Amino acid sequence: MSELSSRGRRLVESPPLAAYVAAHFEQLEDAWDPQDNPTGYIGLCIAENKLLAGEFLAALESTLPAPAETLAYDAVVGNLEFRRALADFMGRHLVQGPVDAEQLIVLGGAGSVLEQLFYVIADPRETVLVPTPSYAGFWADLETRDELHLQTVDARSETGFALDLEALEAARLAAPTPVRALLLTSPDNPLGRVHPRETLEQVAAWADAHEIHLVFDEVYALSVFGPRAFTSGAQLSGGLGPRHHVVWGFSKDFGASGLRCGVLLSHNAQVRRAVGELAYWSGCSGHTQYMLARFLSDAARADAYVTRMRESLGGAHATVSAALHDEGIDFRPGEAGFFVVCDLRAHLSEASWEGERRLWARLLAEARVNLTPGEACRIAEPGFFRLCYASMPAAAVREGVARLGRALGSKPSGG
Ligand SMILES: Cc1ncc(COP(=O)(O)O)c(C=O)c1O
């Protein structure tokens with residue numbers, strides 16, 4: 001008999017971690033290096049921004065030493081001084097208006113915030129609508145312990161993957177169980193698109209009309225380098241309603257996924273209270289909160305970081321766009337985030353998920369490049385792949401794209 005509970009067995013037998021992520025961590029030991037390992041593995045599948053990692057780390061280190069209080073228990077929803085510094089920063093950069101520190105909860109990463117928020121707003125088997133293409137991790141976040149049913153709202157490539165209200169309504173009506181929430185990533189992942197304010201207003205009005213929660217996942221809010229301005233859910237007309245919640249964190253906009261610091265902004269005191277009762281099990285380390293509070297309290301330095309981060313992302317996007325163009329690889333440019341979606345439909349041996357899986361495996365074996373398969377992003381049509389371009393230096397990204405071009409044989413003749 002197994003030593004595990006049925007829940008424990010389920011985790012072992014069907015792990016929530018996606019196969020492309022598992023492959024990434026397996027291959028990292030053989031990672032590419034221009035001198036020591038020029039044929040090594042190039043992982044372009046993980047949404048991380050390491051472009052300013054050295055600078056941010058140095059800034060955090062300058063906040064040390066931390067006082068002994070950081071070793072002690074503190075408010076499980078986050079140290080109040082940290083939340084005050086966060087409120088100030090988020091007010092300037094996300095919300096363009098005042099944020100009340102009491103309306104913030106700090107937990108160990110945006111994934112923990114999502115898991116705990118949905119635990120308190122939806123019951124097992126109830127439905128959460130997720131527009132696709134989507135961040136792959138929502139399924140692990142909301143199915144594993146919250147036991148929710150995620151229903152995709154599929155956008156099609158012919159429309160440029162436009163988010164449309166009719167599709168939302170159709171998904172709501174088709175849901176097998178009561179729909180409790182819509183989870184909207186804004187700016188989105190994997191398309192790197194900034195949703196226009198009008199779209200967000202329409203979606204919010206639709207959600208309000210049906211009394212469903214609208215969770216804005218805004219973890220890429222500051223990582224915008226295109227001309228279109230980001231609009232937070234908290235900036236919409238009428239402000240953040242009782243069923244609207246914003247999720248943000250340091251993993252993406254500060255390239256600090258290892259610090260595990262995510263933030264919930266909700267004006268709903270009942271929701272905050274319920275999440276607060278769970279917070280003890282996934283709090284953010286006091287030491288991390290201290291460093292981040294000190295970093296944010298120097299507003300000029302924090303603002304300058306955001307400006308440089310955006311510039312560097314814009315530069316990295318230009319680099320990958322040029323490389324993909326040179327190789328004749330079709331892709332949809334981004335305006336935010338650290339990824340583009342490549343259209344490799346023409347390279348599938350057959351237009352099916354099996355065909356997409358085969359192409360993914362071939363690119364990993366032949367080019368030693370790992371892309372996020374569209375299937376993991378729940379894209380409705382096989383053949384699209386997400387390419388993350390800010391987790392490796394420009395030379396690695398160029399090398400990875402050149403290898404993809406060779407493996408696909410897509411380089412334009414004479415080019
Ligand atoms: C849209 C979105 N939400 C949440 C997360 C998870 O963030 P964290 O590492 O802070 O848990 C990610 C990570 O890729 C993401 O892309």
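**View A. Helices H5 and H10 pack together at an oblique angle.** In this predicted model, the axes of H5 and helix H10 (residues 269–278) come within 9 Å and cross at roughly 120 degrees. That makes H5 oblique to H10. Angles under 35 degrees count as roughly parallel, over 145 as roughly antiparallel, 65 to 115 as roughly perpendicular and the rest as oblique. Axes are lines fitted to C-alpha atoms, for helices over the stretch in contact, and the angles run from 0 to 180 degrees between N-to-C directions. The H5–H10 crossing is right-handed. A crossing is right-handed if the near helix is turned clockwise from the far one by less than a right angle, and left-handed if anticlockwise. From H5, the contact uses Gln-116, Leu-117, Tyr-119, Val-120 and Ile-121. Val-271, Ala-274, Val-275 and Leu-278 meet them from H10. Two residues are in contact if their C-beta atoms, placed from the backbone, lie within 7 Å. By class, this contact has eight nonpolar residues, one polar and no charged. Ala, Val, Leu, Ile, Met, Phe, Trp, Tyr, Cys and Pro count as nonpolar, Asp, Glu, Lys and Arg as charged, and the others, Gly among them, as polar.

Two notes apply to every view. Residues are numbered from 1 along each chain as its sequence is written. Local features need pLDDT of at least 70, side-chain atom pairs count only at pLDDT 80 or more, and totals for chains, interfaces and linings use all residues of the predicted model.

**View B. H12 and H14 run roughly parallel to each other.** Their axes come within 9 Å and cross at roughly 20 degrees. H14 spans residues 394–408. The crossing of H12 and H14 is right-handed. Ala-316, Thr-319, Val-320, Ala-323, Leu-324 and Glu-327 are the H12 residues in the contact. Across from them, H14 offers Ala-394, Val-397, Arg-398, Val-401, Ala-402, Leu-404 and Gly-405. The contact has nine nonpolar, two polar and two charged residues. Helices (H or I, at least four residues) and strands (E, at least two) are DSSP runs, numbered from the N terminus.

**View C. H13 is roughly perpendicular to H14.** Helix H13 (residues 353–367) packs on H14 at an angle of about 115 degrees, with the axes 10 Å apart. This crossing of H13 and H14 is right-handed. Arg-362, Leu-363, Glu-366 and Ala-367 of H13 touch Arg-403, Leu-404, Arg-406 and Ala-407 of H14. These residues divide into four nonpolar, no polar and four charged.

**View D. Domain 1 meets domain 2.** The domain assignment gives domain 1 (6–54 + 302–408) and domain 2 (67–298). Such bounds come from an automatic or database domain assignment. Taken over C-alpha atoms, the domain centres are separated by 24 Å. In the contact, 33 residues of domain 1 meet 32 residues of domain 2. Helix H12 (299–327) and strand S10 (339–343) are the elements that give two or more residues to the domain 1 side. H12 gives the most, with six residues. The side of domain 1 that touches domain 2 has 18 nonpolar, seven polar and eight charged residues.

**View E. A shell of 14 residues surrounds the ligand.** The closest are Gly-109, Ala-110, Gly-111, Tyr-135 and Ser-251. A residue counts as near the ligand if its C-beta atom, placed from the backbone, lies within 6 Å of it. By class, the shell has four nonpolar, nine polar and one charged residues.

**View F. Two cis peptide bonds precede Pro-133 and Pro-187.** The bond from Thr-132 to Pro-133 is cis, with omega near 0 degrees. Pro-133 sits in the loop between strand S3 (127–132) and helix H6 (138–143). The bond from Ser-186 to Pro-187 is also cis, with omega near -5 degrees. Pro-187 is found in the loop between strand S5 (179–185) and helix H8 (197–209).

**View G. Arg-125 has a positive phi.** Phi of Arg-125 is near 75 degrees, in a residue other than glycine. Arg-125 lies in the loop between helix H5 (110–121) and S3.
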